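User: I'm new to this structure and would like to understand the reasoning behind its labels. Could you walk me through it?

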Amino acid sequence: MTHVKAEIASQPDCWRQAAKLADAPGLPARGERVAVVGCGTSWFMAKSYAVLREQAGHGETDAFQASDFPHGRRYDRLIAITRSGTTTETLDVMREVGQNTPVTVITADPAQPAAEIAGHAVVLDFADEQSVVQTRFATSVLALLRAHLGHDIEVAAMDAEVAVRLPLPVHPALTDQITFLGRGWTVGLAEEAALKCRETAGFWTESYPAMDYRHGPISIARPRRVVWAFGDVPAGLADEVEARGAAFVHSRHHGGYASLGRWVGGRAPLDPMADLVLAQRVAVLLATTQGLDPDNPSGLTRSIVLPEQP
């Protein structure tokens with residue numbers, strides 16, 4: 001078994017451990033104006049959390065790529081997400097913002113610079129990974145932040161236990177392209193699912209807000225292509241996708257997915273984070289069927305550490 005397969009399978013227990021840290025010092029207080037930063041996968045988790053926090057009425061929350069942080073804005077707290085604790089762009093934001101604003105980092109390694117710079121560090125070392133690609137650390141960060149907002153993470157963890165065993169809804173031999181869709185907080189999950197397939201397998205994936213999909217991207221829907229939706233689905237969208245010959249995938253039941261098509265009937269959908277677990281598994285399958293190493297994708301490293309600028 002590759003490292004990433006084991007790490008994906010371990011997510012239910014990691015989420016439960018993360019939820020126990022929901023009252024950790026440094027997490028945003030209700031009413032604080034908060035900015036959340038990260039790079040790549042961490043940025044997508046930041047985007048999901050920002051939507052959830054505002055929806056919960058906890059206060060204005062913005063998510064930014066660390067490299068594009070608007071330094072002219074003022075916040076009550078900065079939350080930085082970095083698995084390695086060494087990502088250059090994230091450290092730069094933490095240092096500059098931390099001169100006037102409390103900074104909290106969520107990281108897997110307390111011995112790295114991010115934990116030293118931050119006023120508070122929430123350490124998820126149990127969710128660290130040997131694989132270059134992020135799976136369980138990212139979802140454990142979101143589990144922690146959701147628990148801090150009052151979400152019942154046990155329900156999500158139980159759904160994830162189902163997701164690690166479900167038959168996969170996408171077959172590599174029958175699929176040329178996948179478009180992932182989300183609404184609200186699941187837009188970030190859709191973006192992360194697409195990134196997992198791209199970076200792990202070099203596979204053609206795209207991601208969009210579900211309501212924006214009709215505004216152009218639907219033009220590529222056709223046979224041997226899949227549209228995979230996280231969370232709520234706009235009325236009529238599945239029928240429009242299928243009318244173009246593409247498959248529509250959406251979680252409808254705790255017992256399974258339709259294989260290359262819609263699940264008809266059933267109870268409640270899987271928690272969207274559990275849905276992401278399925279997408280992670282698909283990414284690994286897409287890689288291994290091409291003879292690629294999903295633990296060490298071409299061109300990627302565990303952390304982006306840039307040379308100092310003159």
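User: What makes K47 and E191 a salt bridge?

Analyst: Happy to help! This is a predicted model, and in it the closest N and O atoms of K47 and E191 are 2.9 Å apart. A salt bridge needs a side-chain nitrogen of Lys or Arg within 4 Å of a carboxyl oxygen of Asp or Glu. K47 and E191 meet that cut-off, so the pair is called a salt bridge.

User: How many salt bridges are there between domain 1 and domain 2?

Analyst: The count between these domains is two. The rule for polar contacts finds seven residue pairs across the interface.

User: Which elements on the side of domain 1 touch domain 2 with two or more residues?

Analyst: They are α1 (3-9), α2 (11-19), α3 (41-55) and α6 (136-148). The largest share, eight residues, comes from α3. By class, this side of domain 1 has 10 nonpolar, eight polar and three charged residues.

User: And where do the two domains lie along the chain?

Analyst: Domain 1 covers 3-152 and domain 2 covers 166-290. Their contact takes 21 residues from domain 1 and 18 residues from domain 2.

User: How do you know how much area the two domains bury between them?

Analyst: Buried area is the accessible area that two parts lose on being put together, summed over both. For domain 1 and domain 2 that loss is about 1,600 Å², so this is the area they bury between them, with 70% of it on carbon and sulfur atoms. On the domain 1 side, I8, F44 and R146 supply 29% of the area buried against domain 2, more than any other three residues.

Key
Residues numbered from 1 in each chain as written. Predicted model: local features only at pLDDT ≥ 70, side-chain atom pairs only at ≥ 80, totals over all residues. Heavy atoms only, no water. Domains from an automatic or database assignment. Contact = heavy atoms within 4.5 Å. Buried area = accessible area lost by both parts, 1.4 Å probe. Polar contact = N/O pair within 3.5 Å; in protein donor to acceptor, adjacent residues only side chain to side chain. Helix = DSSP H or I, 4+ residues; strand = E, 2+ residues; numbered from the N terminus. Nonpolar A, V, L, I, M, F, W, Y, C, P; charged D, E, K, R; others polar.
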